[in-house]
Amino acid sequence: MAEVKVTLEVGNDGVAVITMSNPPVNALAIPIIAGLKEKFNEATRRNDVKAIVLTGKGGRFSGGFDINVFEKVHKTGDVSLMPDVSVDLVVNTIEDSKKPIVAAIEGLALGGGLELALGCHARVAAPRAQLGLPELSLGIIPGFGGTQRLPRLVGLSKAIEMMLFSKPIFSEEGKKLGLIDSIVPSKELLKVSKAWALDIAEVRKPWIRSLHRTDKIGSLSEAREILKVARQQARKSAPNMPQHKVCLDVIEEGIVHGGYSGVLKEARDFKVLVLSDTSKGLVHVFFAQRATSKVPNVTNIGLKPRHIKKVAVIGGGLMGSGIATALILSNIYVVLKEINSEYLLKGIKLVEANVQGLVTKGKLARDKASKALSLLKGVLDYADFKDVDMVIEAVIENISLKQAIFSEIEKVCPSHCILATNTSTIDLDIIGEKTSSKDRIVGAHFFSPAHVMPLLEIVRTEKTSPQVILDLMTVGKIIKKVPVVVGNCTGFAVNRTFFPYNQGAQFLVNLGVDVFRIDRVIRSFGFPIGPFQLQDLAGYGVYVATSKVFADAFPDRIFKSPLVDLLIKSGRNGKNNGKGYYIYGKGSQPKPDPTIQPIIEESQRITNIMPDGKPVSVTDQEILEMILFPVVNEACRVLDEGIVVRASDLDIASVLGMSFPNYRGGLVFWADMVGPKHVYSSLKKWSELYGNFFKPSRFLEDRATKGILLSEPASSSPAPKARL
C-alpha cells in the first residue's frame, strides 16, 4: 500500500516543493494535514528557501478532506476529531506565511483541496483540472475558509452557484473568473509554478492574500440582494437541508464584518453541521453507494469480468426502449426485438426520442447521439441472437410469455450468453422453470425511465453463477448505473420493501384522511411526489397488476382497497388520459380534482374501516409514520430473509430506486434514527386498532425489545440469499 505522507524538496533555485501523497486522490487525511503543517513550518524556517510550491503526487492536487473522519465523528459524536485546519493551517501557516506560496494544480482540487489552494498567494493549473467545493452534498459547508475566499476570487454569484449546487468548473473557466492565474501544460506545471513563486518573492508579481480582497464582492446592498435571491432559491430547492442557509449566512458574515470574522463563523457552524442528521444521512449514503460494489463470493474470488459487446433487448416498450437507450449511449451494440413491424417501429422511435431529449437538454452532443443510434438494430426474429453476449427480456409481466421467451433464447443464443429478465416482481425461479441453463439466469431490474434512473437491481437465484453476476455488475457500471445485488423473491428487495407504501396511503384514505393532504405530507418529507400522484403517473394498470402479485405472495398482510378499481370504472386512468386524483393539462402543473370525492366516499363505504363511521383525526407526523413504518416493517423481513447483502444496500436502493430523500440516509438508516422502539410500538398500537397490515415483524420486535439497531448485522441468521 502506498505511503500516506507529505514530502519537502528544496531545489538550487531556493524553491521548496511540498507534495501531498495519499493515493488515489490525495485526500486530506489527518496525517496529511499534520504533515503539511510540519513541512510548511520547516520551509518557513529554512534560510535556503525563498518561496514555496504546494502540489499533489500522481497527477492530482487533492480530492479534499478525508470523508472517513466524518464517519468516525458520526459514530462517536466527538467533533474534536476534526483538526483545526481553517485558522491554524490555511490562515496562519499558508496565507500569512512570510514566504510566497503557489499552488500547482493538476487533475482535481476539490473541497478542502481547493480551499488549500485558495489560501495560497497564486494558483497555476494544468488544462482541464477540476475545481469545486462540493461540501454541501455531504450536509456540511466548506470548512477551510472556502466560503470566504471563493467569492473574493470569482465573484459572489458564481461562488454561490459553485457551493450551493456542488458544481465544479474546469481550470479554463477558473482562469476567466480569476480563480486560476495561469494555465500551462502538465509537463511545465512545476517549472512555471516555481518561477511564479520566485517572481512574487522578488516583487515581480503581486503577493495576493485572497481573504483580504474585496474588489469582486460589489457594494453591500448588491451583495445582500444576491444573497436574498439565493436564500429564496434554497428554500424552494432544499427546504429540509440546513447547510444551504448556513452557507449563505456565513458568506454574509464575511461580507459585512470582514473575511477573518467570516472564517471564524464558518469554523463554528461547520462543527455544528458535521453532527447534524442531514450530514449523517448524506455521508451514510456516500459510503453505502461505494459498499454496493463489494459482493461476497462474487467480487472477492479472483474472477475477471467478461467483455459484453452485443446485447439483445426483447420488447421495445417503455422499459425495453429505455434499457436499449442506456446501452447504446455507453457504446454497447443493441439488437432490439419486437413481435411485429408496427411495435418495432414504435420501439425504435422511443429510443430515438430518448436520445434526442438528451440532445435538446444539452446533455449529449449531436455527433455522439448519431453514433449511439448507429449501434441500434431492430429485428423481428432471433437470427441476430447467435452472437449476443447478453439478452435482457423486457416484455409485459406475464409468466407464460416470459417462460416461452426463455425457452426460445436458450436454444438460439451462444452458451456463454447471459439470460436476463427485467421483471419487477415475478420470482426468477418461475420464469426460468422450463430452461436447463439456470446458472445463466439473472434479474436485471431497471427502474423507469431506464435510461435516467440510476439504480440497477441485480437479482440472483440460488443457481446464478458468480461470473454472470460480476458481468452484469460491470455492465451496470459501464452504463452509469449503481448495481445492487439482491436475492430472489416476489418483488425482490425494492418493490417488495415498498409494496406497503401505496397500501398504507390507501388505508389512510379509507380511514377518512384527505388524498391531497397525504401527498403534501410525503412531499414535505422529501419525496418528489406523493403516493397518489405517483399512481397517476405510473398508470392504474401497473398498480392493479402489482397489487395482485403481492396479494398472492403475502396474503397475511395486504390491505385491499377498491379505490383504484372505482377510479378505472369512472373512466379515469391518471396521467394517461389526463384524469386521475389530479387533472393533467398540457404544459400545466397537475391540479387536485375535487370531483373524485364521491368515488373516495364509495370506497370508504365498501371498506367500512372508519371507527364509528367517522374520519379519523391524525397529525401530519402520524400520516407520515402510518405510510412509512409498514415499509420499514417489510424492510425488516427483507433483512431477516437475507435478500440483501447488507442493510445499507437497501438504503441506497431506496434512495436511487424509490427517490427516498438522500439526506435522510435511506429507509433503514432513517428508521434507526427514528428508533426501532418507536417504529415497533406504533405498529403494534395500529395493528391492535386496524389489523394485520400493521402487525410488527418478528425481526422488528426482536431488535426493538433488545435495543439493537435494524442495520446491525445479524449474528446468527442464515447466509443471505444475496450472498449465496
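**Exercise 1. Describe the salt bridge between Lys402 and Glu397, and decide how each partner is placed with respect to the surface.**

Solution. In this predicted model, the side chains of Lys402 and Glu397 come together in a salt bridge, with 3.2 Å from N to O. The next step is to look at each partner in turn: Lys402 has a relative accessible area of 0% and is therefore buried, whereas Glu397, at 37% relative accessibility, counts as partly exposed. Elsewhere, salt bridges that share partners join Arg496, Asp556, Arg557, Glu634, Arg637 and Glu641 into one network.

**Exercise 2. Work out which parts of the chain are linked by the salt bridge of Glu95 and Arg149.**

Solution. Begin with the contact itself, in which the side chains of Glu95 and Arg149 meet at 2.8 Å, N to O. Then place the two residues along the chain: Glu95 belongs to helix α3 and Arg149 to helix α5 (residues 146-154), and since they lie 54 residues apart, the pair links distant parts of the chain. Finally, consider accessibility, where Glu95 is buried with a relative accessible area of 0%, and Arg149 is buried with a value of 0%.

**Exercise 3. Explain how far apart Asp269 and Lys265 are in helix α11.**

Solution. Asp269 forms a salt bridge with Lys265, and their closest N and O atoms are 3.0 Å apart. Both residues belong to helix α11 (residues 259-274), and because they are four residues apart in that helix, about one helical turn separates them. Asp269 counts as buried, at 17% relative accessibility, because the cut-off for buried is under 20%.

**Exercise 4. Find out which side of helix α1 is buried and what covers its buried residues.**

Solution. Helix α1 (residues 30-45) has 16 residues and reaches 23 Å from its first C-alpha to its last, which is close to the 22 Å expected at 1.5 Å a residue. Its buried residues are Ile32, Ile33, Gly35, Leu36, Lys39, Phe40 and Ala43. These cover an arc of only 160 degrees around the axis, so they lie on the same side of α1. The face turned away from this buried side carries the exposed residues Pro31 and Arg45. Among the elements covering the buried residues are the strands β1 (5-10), β2 (15-21), β3 (51-56) and β4 (101-105), together with the helices α3 (86-95) and α4 (112-119).

**Exercise 5. Explain why Cys413 and Cys417 do not form a disulfide.**

Solution. The cysteine sulfur closest to that of Cys413 is in Cys417, at 4.1 Å, which is too far for a bond, because the cut-off requires sulfur atoms within 2.5 Å. A search of the whole structure likewise finds zero disulfides.

Key: Residues numbered from 1 in each chain as written. Predicted model: local features only at pLDDT ≥ 70, side-chain atom pairs only at ≥ 80, totals over all residues. Heavy atoms only, no water. Expected span 1.5 Å × (residues − 1). Buried < 20%, exposed > 50% of the residue type's maximum accessible area, 1.4 Å probe, protein only. Arc of directions from axis to C-beta. Contact = heavy atoms within 4.5 Å. Salt bridge = Lys/Arg side-chain N within 4 Å of Asp/Glu carboxyl O.
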